[in-house]
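Here are some short exercises to work through with the sequence and the 3D view side by side. Try each task before you read its solution.

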Amino acid sequence: MRWLLLVYLIGMSQDSQHGKWTISSSDDDDEDLPPSGTATPRSRLPVKSNLKSPSPVQVSAPVEVKAEPARPAAASLTLGSEARQSAAKNQLNPVKFERSPSLAGKRKSDASEGSGWALSDSDDDDKDVKENSLSSLPKKQPSSPKTKKPKVKEERPPSPHGRLYYIDEPEDFFESSTSCLNNTYRFYLNKVTGLDKKYNTGALHIRDILSPLFGTLKESVQFNYCFDIPWMVQQYSPEFRDRPVLIVHGDKREAKARLLQQAQPFPHVRFCQAKLDIAFGTHHTKMMLLWYEEGFRVIILTSNLIRADWYQKTQGLWMSPLFPRLPEGSSSSAGESPTFFKRDLLDYLASYRAPELEEWIQRIKEHDLSETRVYLVGSTPGRFVGPDMERWGHLRLRKLLYEHTDPVPGEEQWPVIGQFSSIGSMGLDKTKWLAGEFQRTMTTLGKSSSRPDPPVLLLYPAVEDVRMSLEGYPAGGSLPYSIQTAQKQLWLHSYFHRWKANANGRSHAMPHIKTYMRVSPDYTELAWFLVTSANLSKAAWGALEKNNTQVMVRSYELGVLYVPSAFHMKTFPVDKRAFPFSSSTSGFLVPFDLPPTPYGAKDQPWIWNIPYSQEPDTHGNIWIPS
């Protein structure tokens with residue numbers, strides 16, 4: 001049945017306007033919450049083409065894609081599914097592209113073999129199913145004692161392209177000094193393998209962040225969604241690799257057991273499990289707390305702790321200044337910033353109710369965070385009423401925009417831009433959430449009594465963006481928008497704009513970054529800018545309930561908000577040429593080209609669980625969900 005379904009899917013029409021597909025919908029409405037991070041459908045199989053890719057992207061060396069734990073949609077296959085089992089073998093021994101109606105069935109005989117491999121991060125799926133697992137593969141019938149062979153441990157392939165995809169970057173890929181970094185805004189993109197060197201000058205890799213360049217590390221905390229513990233440990237400089245690390249995660253049951261098993265060779269790695277008491281919530285926050293001999297630093301970012309996220313994707317991060325230790329005997333209010341960042345960070349950490357974080361809460365109290373110029377915008381699971389409604393999610397953002405921005409003349413012409421890598425269920429029409437409570441938040445500018453309706457532009461990669469990317473179709477594994485969700489909100493697709501980032505060389509590095517902003521009509525000024533882990537979903541941002549007297553948030557998320565007043569400016573000038581970095585620039589780096597490019601008549605949003613078999617990608621592969 002599985003293969004017959006695949007043949008049927010491949011034959012379906014996918015030519016309708018922005019995705020009017022014809023397969024049936026799931027009955028779950030808000031509960032097939034899709035996005036919150038990176039994901040590769042557990043069953044996405046890149047299949048090799050024997051045709052030359054059209055206009056392939058040129059990279060300086062072979063590149064690889066490792067996937068992040070995948071979270072398919074609620075209706076997706078489970079971890080032990082036949083598709084998961086066959087994924088690796090198909091990736092390592094791909095089917096040649098043929099113009100054949102029964103393309104999907106060509107590997108039927110291999111369907112029961114291979115190791116599991118997947119990506120992750122959707123708020124749309126079974127939250128307890130995660131990546132890189134072989135634990136639930138069906139057991140083969142035992143052979144007779146006479147023919148029994150020694151058990152061989154199966155090895156998960158490192159990427160959907162096979163074992164040879166990743167290359168080790170040369171030493172000059174990494175930073176040797178901080179002179180090329182923009183210390184005004186402290187917002188950085190990640191380095192991308194395969195780009196011209198100028199587009200990586202002023203960008204950061206995780207190896208840069210965890211090197212002596214920024215301090216003599218004593219201890220650290222890693223908050224994240226997906227982890228590859230052995231890879232993570234290797235990113236610390238050799239002299240720091242045995243320093244204590246606390247992992248804050250949201251895994252449960254089998255996924256938690258697998259995570260702990262990863263860390264067995266590393267006795268310095270400890271764990272803290274975030275409480276997820278509301279269904280379909282995830283621990284999606286991505287933050288590093290770094291304690292040095294010289295002080296303390298916070299990094300808030302969009303990348304998971306897996307190699308694929310730091311290789312050929314567009315990611316972003318905020319790096320705090322080095323916070324010095326306060327003098328002995330300082331008051332409890334000492335070291336606060338004008339943005340109350342210290343108070344808000346302590347409140348966020350306290351929301352975990354985790355004994356493992358208590359020593360870190362105390363350490364932060366002992367440091368001077370007064371140089372911080374951004375506001376913290378977090379989400380934490382729960383149902384909140386009264387004043388607590390404005391502590392988390394989009395109502396927290398609304399409060400900050402109301403109190404710390406100012407109205408601008410002609411603000412109805414200032415577009416709101418949202419850019420993300422995954423999309424949740426918005427409801428049957430735009431008034432249910434997006435054009436209602438969420439738009440009211442995003443259009444707030446100071447204490448203006450008017451509520452104009454400015455343009456709302458949403459950036460999400462089209463199929464062609466993914467096909468022509470550095471990773472090819474496997475990049476779509478980190479863009480977990482499911483057909484089940486998409487077909488229930490076709491109205492949403494009229495908002496969509498392409499991913500284009502020619503100014504920073506990242507048009508072919510698919511975005512896992514999430515940013516939201518208000519921009520002037522000529523796209524030269526910003527009224528505010530937010531970089532965050534939060535995708536476009538109610539699970540991440542929260543949704544009002546009980547006649548707007550309560551807000552319910554499902555997931556942990558974290559981001560930082562830039563407002564011009566904190567930098568003694570009226571607006572932020574947009575830096576149209578951020579690379580290579582120049583110390584003379586005063587502009588703000590927007591991670592994509594402005595103005596955004598609307599979808600054309602034939603463009604469709606990337607949907608991760610339908611096949612793309614008509615055209616091969618830049619690696620000669622096609623995409624067959626199974």
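**Exercise 1.** Is H512 buried or exposed?

*Solution.* Start with the ground rules: this is a predicted model, in which local features need pLDDT of at least 70, side-chain atom pairs count only at pLDDT 80 or more, and totals for chains, interfaces and linings use all residues. Residues are numbered from 1 along each chain as its sequence is written, and side-chain values use heavy atoms, with hydrogens and water left out.

Next, recall the cut-offs: buried means under 20% relative accessible area, exposed over 50%, and partly exposed in between (1.4 Å probe, protein chains only). H512 has 0% relative accessibility, so H512 counts as buried.

**Exercise 2.** Find the residues that UniProt marks as "active site" and place them in the fold.

*Solution.* First, the unreviewed UniProt entry puts this feature at H284 and H512. They cluster in space, with a largest C-alpha distance of 12.6 Å, although they are spread over 229 residues of sequence. UniProt positions follow the numbering used here, feature names are shortened, and annotations may be inferred rather than shown by experiment.

Second, look at the loops. H284 sits between β5 (269–273) and β6 (287–292), while H512 sits between β13 (496–497) and β14 (515–519). Strands (E, at least two residues) are DSSP runs, numbered from the N terminus.

Third, check burial for the other histidine: H284 is also buried, because its relative accessibility is 0%.

**Exercise 3.** Which backbone oxygen lies 2.8 Å from a polar atom of the H512 side chain?

*Solution.* Inspect the side chain of H512: the backbone oxygen is that of T302.

How values were computed: Helix = DSSP H or I, 4+ residues; strand = E, 2+ residues; numbered from the N terminus. Polar contact = N/O pair within 3.5 Å; in protein donor to acceptor, adjacent residues only side chain to side chain.
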